Amino acid sequence: MSLLSILSVVITIACSLFILLLKIRKKPVSIKSKRQILTKEEISASEITNIIDIKDKFLYTRDKMIFTYLKISPVNLDLLSCREKESLSSIISAELSRETKPFKLLALGRPVDITPLIDKYEVLLSSSKDAKQKELLRLEMDQMKAYMFSEEVIERQFFIVLWEEYYKGCEAEVLKRTREFALSFQAAHIRCEILTESAIIKLVNMIHNPAFIHLEDTEYTENIPILKKKGSI
């Protein structure tokens, strides 16, 4: 075989290997591979919030925990006498003394929806024939609208969070503890209700969803007086 023939064979083999290498490198990613890549790159909301499912009165998490939630109606302590405050404190302390497991108190603030009140004023305004009453209604409506746009009307909501380590069939035991906890507040004539599925979803949105979150001013220096030693600046 001549040298030219040998070179021709070598070049042909090299070209074939080069083309084969290009085909291998340009091989499309399979659907299964694409799904694996998306799974790693795209984290769902449930993974971020550690939530697997919300069903009935329970919230299940990925770290094998089960949660229940209680909503407590606020009490205006300004309307109670000192004796009534002491009595309320004693009753709640005595009732909760039986609770040996940890729990969490959530206090969440959100703007109050005063649209129904403004609608009511508009109906009164349209039906009123008294000029002075109309003037007062307009002033009140303007004030309510100013509050609504400035988000100064804040409603404080209080929740109790209870949790247990999840195991199959634990729901009955968790619900029993939750009901006993609610009875502790009801003994002090404080309304307390166990949240169901739709209410738990709203609560999760209030905590994790930016569209529902209300950011309050946490600056306290202007509201709390600072005591200084005499002679200090």
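1. A residue counts as buried when its relative accessible area is under 20%. Thr68 has a relative accessible area of 0% and is therefore buried. The model discussed in this note is a predicted one, and the values below are computed from it.

2. Thr68 belongs to strand 3, which spans residues 65-72. The side chain of Thr68 makes a polar contact of 2.8 Å with the side chain of Thr178. Apart from neighbours within four places in sequence, the contacts of Thr68 are Lys57, Phe58, Ile160, Val161, Leu162, Val174 and Thr178.

3. As to the overall architecture, the chain contains eight helices and six strands. Their order from the N terminus is α-α-α-β-β-β-α-β-α-α-β-α-β-α. The chain has 233 residues, and 22% of them count as buried. Among contacts with a separation of 6 or more, 71% are between residues 24 or more positions apart. The accessible surface is about 18,300 Å², and carbon and sulfur atoms account for 58% of that area.

4. The largest nonpolar core comprises 20 residues, and Leu70, Phe181, Phe185 and Ile190 have the most contacts inside it. At least two residues of this core come from each of strand 2 (58-61), strand 3, helix 4 (82-96), strand 5 (154-165), helix 7 (171-186) and strand 6 (192-194). Helix 7 is the leading contributor to this core, with five residues.

5. Which residues does Leu70 contact, leaving aside its neighbours within four places in sequence? They are Phe158, Phe159, Ile160, Leu162, Thr178, Phe181, Ala182, Cys192, Glu193 and Ile194. Thr178 thus appears in the contact lists of both Thr68 and Leu70. A second core, separate from the one above, has 15 residues, including Leu59, Met65, Leu195 and Val204.

6. Helix 7 also holds Ser184. With a relative accessible area of 4%, Ser184 is under the 20% limit and so counts as buried. A polar atom of the Ser184 side chain lies 3.2 Å from the backbone oxygen of Glu180. Beyond its neighbours within four places in sequence, Ser184 is in contact with Glu95, Leu96 and Arg98.

7. The largest pocket encloses about 310 Å³ of space. Its lining consists of 16 residues, of which Leu59, Phe67, Tyr69, Ile207 and His208 are the closest to the centre of the pocket. Strand 2, strand 3, strand 4 (104-111), strand 5 and helix 8 (197-208) each give two or more residues to this lining. Helix 8 supplies the largest share, four residues. Leu59 is named both among these central lining residues and in the second core.

8. Two loop residues merit attention for their backbone angles. Asp56, in the loop between strand 1 (51-55) and strand 2, has a positive phi of about 55° although it is not a glycine. Lys64 is in the loop between strand 2 and strand 3, and its phi, near 60°, is likewise positive in a residue other than glycine.

9. Are these two loop residues buried or exposed? Lys64 has a relative accessible area of 61%, which is over the 50% limit, so it counts as exposed. Asp56, at 42%, falls between the two limits and therefore counts as partly exposed.

Key:
Residues numbered from 1 in each chain as written. Predicted model: local features only at pLDDT ≥ 70, side-chain atom pairs only at ≥ 80, totals over all residues. Heavy atoms only, no water. Buried < 20%, exposed > 50% of the residue type's maximum accessible area, 1.4 Å probe, protein only. Contact = heavy atoms within 4.5 Å. Areas by Shrake-Rupley, 256 points an atom, 1.4 Å probe, with all protein chains shown as cover. Polar contact = N/O pair within 3.5 Å; in protein donor to acceptor, adjacent residues only side chain to side chain. Core = buried A, V, L, I, M, F, W, Y, C linked by side-chain atoms within 4.5 Å. 1 Å grid on protein atoms, 1.4 Å probe; cavity = no way out; pocket = protein on both sides within 12 Å on 5 of 7 lines; lining within 4 Å. Points joined across faces, edges and corners; volume = space filled by probe spheres on them.
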